[in-house]
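Here are some notes on the pockets, for reading alongside the structure.

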Amino acid sequence: MVSLSTWCRYLVHKIEYSFTLGWKSYKRGQVSDRELQDAVWKNVFQGKLTYLHWSKGEAMAPTIGEQGGTLLVRKIPSADPGRVFVGDVIVMKDPDDSDNYLVRRLAATEGYEMVSKDEKDEPFVLEKDQCWVLADNEKLKPKEAKDSRLFGPVPMTGIVGRVIYCLRTAVDHGPVQNSHYSMRKDSPVLEVELDVDDMVKNHKS
């Protein structure tokens with residue numbers, strides 16, 4: 001049973017998400033003033049803040065099983081350092097294939113100085129709206145992990161969501177360890193929208 005305070009916090013997140021999404025469309029000229037208002041309220045009453053995403057490969061093991069996992073992803077309509085944080089497991093557009101998505105952990109954002117273990121590489125600072133992502137599986141080489149050690153910094157605009165729950169098998173599932181701030185923000189969303197039975201039904205074993 002979801003408490004009233006949790007529902008209130010969840011509703012605040014829905015309103016914020018709906019307005020951000022609507023404003024983004026408005027600035028692009030995709031909706032008019034009247035359509036903006038209708039779109040915001042439609043999202044508040046009918047939309048969801050999460051979606052299911054299937055992730056395969058061993059890059060994010062042990063967070064996500066080596067055989068893959070069904071993920072509950074919180075939608076991020078406009079990624080910036082105020083909405084996603086270092087330590088978050090994020091879903092992002094593949095820099096090499098815009099039709100594909102990668103799941104990686106956010107390791108650094110704009111302003112961070114990046115220093116390589118290889119002394120031949122010069123240190124550099126991540127520019128505005130840039131971020132650095134890494135795979136969780138430390139056993140993999142950079143080419144196998146396919147992260148920023150291979151393709152370098154990526155734009156924050158490529159981030160579309162944050163993974164908040166992972167189902168590896170029908171009996172092995174649970175919340176994903178993100179930054180402390182994100183986990184606190186996502187708790188009402190997880191409490192209201194998590195449906196393990198639905199995740200099991202959609203799981204690719």
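**Notes on the two pockets**

1. The largest pocket has a volume of about 420 Å³. The model is a predicted one, and the pocket volumes here are computed from it.

2. Eleven names make up the wall of this pocket, so to speak, in the order of the chain: Met114, Val115, Ser116, Lys117, Asp121, Glu122, Phe124, Trp132, Leu134, Ser148 and Arg149. Sorted by class, the lining of the largest pocket holds 5 nonpolar, 2 polar and 4 charged residues.

3. Which elements each supply at least two residues of that lining? They are strand E7 (130-134) and helix H4 (148-151).

4. The second largest pocket contains about 340 Å³ of space. Its lining is made of 18 residues. Nearest the centre of the second largest pocket are Lys24, Ile76, Pro77, Ser78 and Thr157.

5. Helix H1 (4-27) and strand E9 (159-169) are the elements that contribute two or more residues to the lining of the second largest pocket. Of these, H1 gives the most, with 4 residues.

6. By class, the lining of the second largest pocket comprises 8 nonpolar, 4 polar and 6 charged residues.

7. Where does the second largest pocket lie with respect to the domains? Residues of its lining come from both domain 1 (1-47) and domain 2 (49-202), so the second largest pocket lies between the two.

Technical notes
Residues are numbered from 1 along each chain as its sequence is written. This is a predicted model: local features need pLDDT of at least 70, side-chain atom pairs count only at pLDDT 80 or more; totals for chains, interfaces and linings use all residues. Side-chain values use heavy atoms; hydrogens and water are left out. On a 1 Å grid over the protein atoms alone, a cavity is a set of points where a 1.4 Å probe fits but cannot get out, and a pocket is an open set with protein on both sides within 12 Å along at least five of seven lines; lining residues have an atom within 4 Å of a point. Grid points are joined across faces, edges and corners, and a volume is the space filled by probe spheres set on the points. Ala, Val, Leu, Ile, Met, Phe, Trp, Tyr, Cys and Pro count as nonpolar, Asp, Glu, Lys and Arg as charged, and the others, Gly among them, as polar. Domain bounds come from an automatic or database domain assignment.
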